[in-house]
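Me: I am new to this structure and would like a close look at a single part of it. Please start with one residue and work outwards from there.

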Amino acid sequence: MARPKSFAPHDAYDLLLDMFWREGIGAMSVKGMSDHLGLPRSSFYNAFGSREALLKNLIIYYELQSPQMALVMAYPPIDVKLLFTMLLQEMCAQYVHDRERKGCLLTNLSVELRENEPALRALLQQINQDRITRLAEICRWGVNAKDLPRATDCARLGRQLFALIEQLNLLARSLPEIEGLEELATRQLAQLGLLADGPAPAQ
């Protein structure tokens, strides 16, 4: 079906995110995206500059809608265990309500991106490093508030949290039932000492 040739950027980004979830980054050439948007190539370049510029903006647009924005918006004093618990619950709930968009755009791009796109790969690596740094910072808030033990290695805990989030994002691509993700998230968060209002599940 032909699409309108005049639309707001966020409309284009929504259409292209749908395209990514269905077809992956391999289908997102300039021609592929132009055809999907119903644009001639000249209009595509006029609107977005280049494929790389568009994909960078698409990543930013996605990030602004991601449950992980809660980490960006958080500010002390805050219950860090509740923050992390609600974040993982929100991630799992999102997978339930949007079965077409499996996992995380950044995680999927990290898996699918080719080596001949170094600028995009560098952007993903920087975003991931920023996430790890932010997780460690929030853990330090918990230590300062005495919600976490004084001896907590916040840098290490931040990396472990990041690994848990990435694990959930990857499993969301393949697990048929969301309950398995919720159980995994709860158990591992408890093992890290970050589950709000409850002990670790029985082994």
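Reply:

**Aspartate 79 and its surroundings**

The side chain of aspartate 79 has a polar atom 3.2 Å from the backbone nitrogen of lysine 81. That same side chain also reaches the backbone nitrogen of leucine 82, at 3.0 Å. Keep in mind that this is a predicted model.

Where does aspartate 79 sit? It is in the loop between helix 5 (69–73) and helix 6. Its relative accessible area is 40%, so aspartate 79 counts as partly exposed. Now look across to isoleucine 138. Along the chain, aspartate 79 and isoleucine 138 are 59 residues apart, yet 9.7 Å separates their C-alpha atoms.

Next comes helix 6, which spans residues 80–97. Helix 6 gives 8 residues to the largest nonpolar core, the most of any element. That core has 32 residues. Phe84, Leu88, Leu168 and Leu189 touch the most other members. Besides helix 6, the elements giving two or more residues are helix 8, helix 9 (154–171) and helix 10 (178–191).

Take phenylalanine 84 as a way in. Leave aside its neighbours within four places in sequence, and its contacts are Leu71, Leu135, Ile138, Cys139, Leu161, Leu189 and Leu194. Ile138 is the residue paired with aspartate 79 in the C-alpha distance above. A separate core lies apart from this one. It holds 29 residues, among them Ala12, Ile25, Leu37 and Leu120.

Helix 8 deserves its own look. It covers residues 118–144. Its 27 residues reach 39 Å from first C-alpha to last, close to the 39 Å expected at 1.5 Å a residue. Just after helix 8, lysine 146 takes a positive phi of about 65°.

Arginine 134 is found in helix 8. Its side chain makes a polar contact of 2.8 Å with the side chain of glutamate 137. An α-helix has 3.6 residues a turn, so residues three or four places apart point the same way. Setting aside neighbours within four places in sequence, arginine 134 is in contact with Leu71, Val72, Ala74 and Trp141. Leu71 is also in contact with phenylalanine 84.

Now step away to the aromatic rings. The chain has 5 aromatic pairs. In one of them, the ring centres of phenylalanine 20 and tryptophan 21 are 5.4 Å apart and the planes meet at 75°, so the pair is edge-to-face. Phenylalanine 20 and tryptophan 21 are both buried. Another pair joins phenylalanine 44 and tyrosine 45, with centres 5.8 Å apart and planes at 90°, so this pair is edge-to-face as well. How do phenylalanine 44 and tyrosine 45 stand in exposure: buried or partly exposed? Phenylalanine 44 has 0% relative accessibility and counts as buried. Tyrosine 45, at 39%, is partly exposed. Ring pairs also link Phe20, Trp21 and Tyr62 into a cluster.

Last, the whole chain. It has 10 helices and 0 strands. Of its 203 residues, 43% are buried. Count the contacts between residues at least 6 apart in sequence, and 64% of them join residues at least 24 apart. The accessible surface comes to about 11,000 Å², with 54% belonging to carbon and sulfur atoms.

How values were computed: Residues are numbered from 1 along each chain as its sequence is written. This is a predicted model: local features need pLDDT of at least 70, side-chain atom pairs count only at pLDDT 80 or more; totals for chains, interfaces and linings use all residues. Side-chain values use heavy atoms; hydrogens and water are left out. Helices (H or I, at least four residues) and strands (E, at least two) are DSSP runs, numbered from the N terminus. Buried means under 20% relative accessible area, exposed over 50%, partly exposed in between (1.4 Å probe, protein chains only). Contact means heavy atoms within 4.5 Å. Accessible areas come from the Shrake-Rupley method with a 1.4 Å probe; for residues, only the protein chains shown count as cover. Rings of Phe, Tyr and Trp (its six-membered ring) pair if their centres lie within 6.5 Å; planes under 30 degrees apart count as stacked, over 60 as edge-to-face and the rest as tilted. A polar contact is a pair of N or O atoms within 3.5 Å; within protein, one must be able to donate a hydrogen and the other to accept it, and residues adjacent in sequence count only if both atoms are side-chain atoms. A nonpolar core is a set of buried Ala, Val, Leu, Ile, Met, Phe, Trp, Tyr and Cys residues joined through side-chain atoms within 4.5 Å. The expected span of a helix is 1.5 Å times one less than its number of residues.
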